[in-house]
Amino acid sequence: MALLHLGRTLLCFVVRVASLSEVSEVGTVNITAGGIAWVTTMEGGELEANEDKISLVEQGAEADKFTSMESMLQWAIGHSDPEKLKGAAKEAMRLTPTQLEKRRSDIKELMDRLKMPSDAELMKIAIADLQNSSLSAEDRERALQELLVLVEPIDNANDLDKLGGLKPVIDELDRPEEELRTLAAWVLGKASQNNLVVQKQVLKGGALPRLMEMTHSNSSAEAVKALYAVSAIVRNFPLGQEAFYLEGGPLLLQELMGDSSGDIRLRRKSLFLVADLAEQIDKLAGGQLDAILELELNSGDSMNLFNEGLLKTVVNLLDASDMDTQEKALMAIRSLFGVSDAVREKIIGSCNLSAALERVKLQLHDAMKDTNQADFAKDLETIRQEVVDSVEEYSRRQSNEAQVHNEL
């Protein structure tokens, strides 16, 4: 693990030639083609004799303040002697091509000695740790935390399975330690985010049912990360959505949204997933759409996103005490309206939607009087009015169709 952390934390304190500080007191300055200097406390020949004495520019207590290369540069400029900076810059400009080449060679040799590992190498180390059954829970947690950072770039996420890391991460979902299960779910969710390659791999690896089960954990952190992973796996992925329905996903969402004692984040995330699934049904085409709709219309309530119980639960959350949840409920209803007239009719006719919308209107009217909530309340009123307009448009159309039918 020591090498793993060295790779992530070993930062080179480098500044551009124009910003070199106290050069004459530091030692050797090696300059790259881009004008970046690597500073050591030794001459080049001493590096061979005593590699362990290689050091970076001393930063002292100020190091804690560096949050970016820009802040590092500003610190260097602020703590430099302008005259010495000018002298160092002039000296660098006088270097001959041979001297520049020598210093490029020095910096390359120094980098080779440091052997800073690539992301792939770091991933291999973390994966090897997870594969080591004798490793402590603390070290396994470090390995998962490292992967959590490393899989964020899509190329790294795509490498996770190639490097043999996907199965070990999925296996961590069954660990007895809550922290490890939570981190594993988080890694899978982050790797799957907007990544069809990994979504397919995670689905094939059988992680979805276990993650859905974890959403009922007594640990809020574990349940929230598990639902996050589930959402990431099924988003814009018809096969993932079909598997979600077959595993009873709609019933799961209904239970999470209806649990008033559970973490509010689970209800919000569930509402967001309902809205997302409803919107994606409209984007599907051909066989994909037929497969999803067949599941929806010809299955029991546990697999039907449009079952009356789930729709009522969504409408009931319009009465939530916080506007964040009300916003997610309004967005879910708006998305569900776009699926079909049959779904819209069910929401309007069976869920007392109009009364709930009127209650929300009164709450938002009061919230607009509070300067801290006024802007958000106005935004919510805009969404609420869109839903109201949709209800009224549907009612008018139904009335006109009834009138035409009667005339016939």
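The buried residues of helix H9 pack against helix H7 (119-131), helix H8 (137-150), helix H10 (166-171), H11 and H12. H9 itself spans residues 154-162, and its buried positions are Asn156, Ala157, Asn158 and Leu160. Just after this helix, Gly164 takes a positive phi of about 80 degrees. The model is a predicted one.

**Helices H11 and H12**

Two of the partners of H9, namely H11 and H12, also pack against each other. H11 covers residues 178-192 and H12 covers residues 196-204; the angle between them is about 140 degrees, and their axes lie 8 Å apart. That angle makes H11 oblique to H12, because only values over 145 degrees count as roughly antiparallel. On the H11 side the contact is made by Leu188, Ala191 and Ser192, and on the H12 side by Val198, Gln199 and Val202. By class, four of these residues are nonpolar, two are polar and none is charged.

Ser192 belongs to helix H11 and has a relative accessible area of 0%, so Ser192 is buried. Beyond the residues up to four places away in sequence, Ser192 touches Val198, Gln199, Val202, Ala232 and Ile233. Val198, Gln199 and Val202 are the H12 residues of the helix contact, while Ala232 and Ile233 fall within the range of helix H14 (220-234).

**Polar contacts of two side chains**

Glu138 is located in helix H8. Its relative accessibility is 52%, so Glu138 counts as exposed. The side chain of Glu138 makes a polar contact of 2.9 Å with the side chain of Arg142. As a general matter, residues three or four places apart in an α-helix point the same way, because there are 3.6 residues a turn. Glu138 also has a C-alpha separation of 9.1 Å from Leu180, although these positions lie 42 residues apart along the chain when counted as sequence distance.

Ser390 is part of helix H23, which runs over residues 374-407. With a relative accessible area of 16%, Ser390 is buried. Its side chain and that of Arg344 are joined by a polar contact of 2.7 Å. Apart from neighbours within four places in sequence, Ser390 is in contact with Phe337 and Arg344.

**Positive phi outside glycine**

Asn236 and Asn352 each have a positive phi without being glycine. Both are placed in loops between helices, as the table sets out.

| Residue | Phi | Loop between | Relative accessibility |
|---|---|---|---|
| Asn236 | about 55 degrees | H14 (220-234) and H15 (238-246) | 45%, partly exposed |
| Asn352 | near 55 degrees | H21 (341-350) and H22 (353-367) | 58%, exposed |

**The chain as a whole**

The protein has 23 helices and three strands. Of its 408 residues, 43% are buried. Among contacts with a separation of 6 or more, 69% are between residues 24 or more positions apart. The accessible surface comes to about 21,100 Å², and carbon and sulfur atoms account for 51% of that surface.

How values were computed. Residues numbered from 1 in each chain as written. Predicted model: local features only at pLDDT ≥ 70, side-chain atom pairs only at ≥ 80, totals over all residues. Heavy atoms only, no water. Axes fitted to C-alpha atoms, helices over the stretch in contact; angles between N-to-C directions. Helix = DSSP H or I, 4+ residues; strand = E, 2+ residues; numbered from the N terminus. Parallel < 35°, antiparallel > 145°, perpendicular 65-115°, else oblique. Contact = heavy atoms within 4.5 Å. Nonpolar A, V, L, I, M, F, W, Y, C, P; charged D, E, K, R; others polar. Buried < 20%, exposed > 50% of the residue type's maximum accessible area, 1.4 Å probe, protein only. Areas by Shrake-Rupley, 256 points an atom, 1.4 Å probe, with all protein chains shown as cover. Polar contact = N/O pair within 3.5 Å; in protein donor to acceptor, adjacent residues only side chain to side chain.
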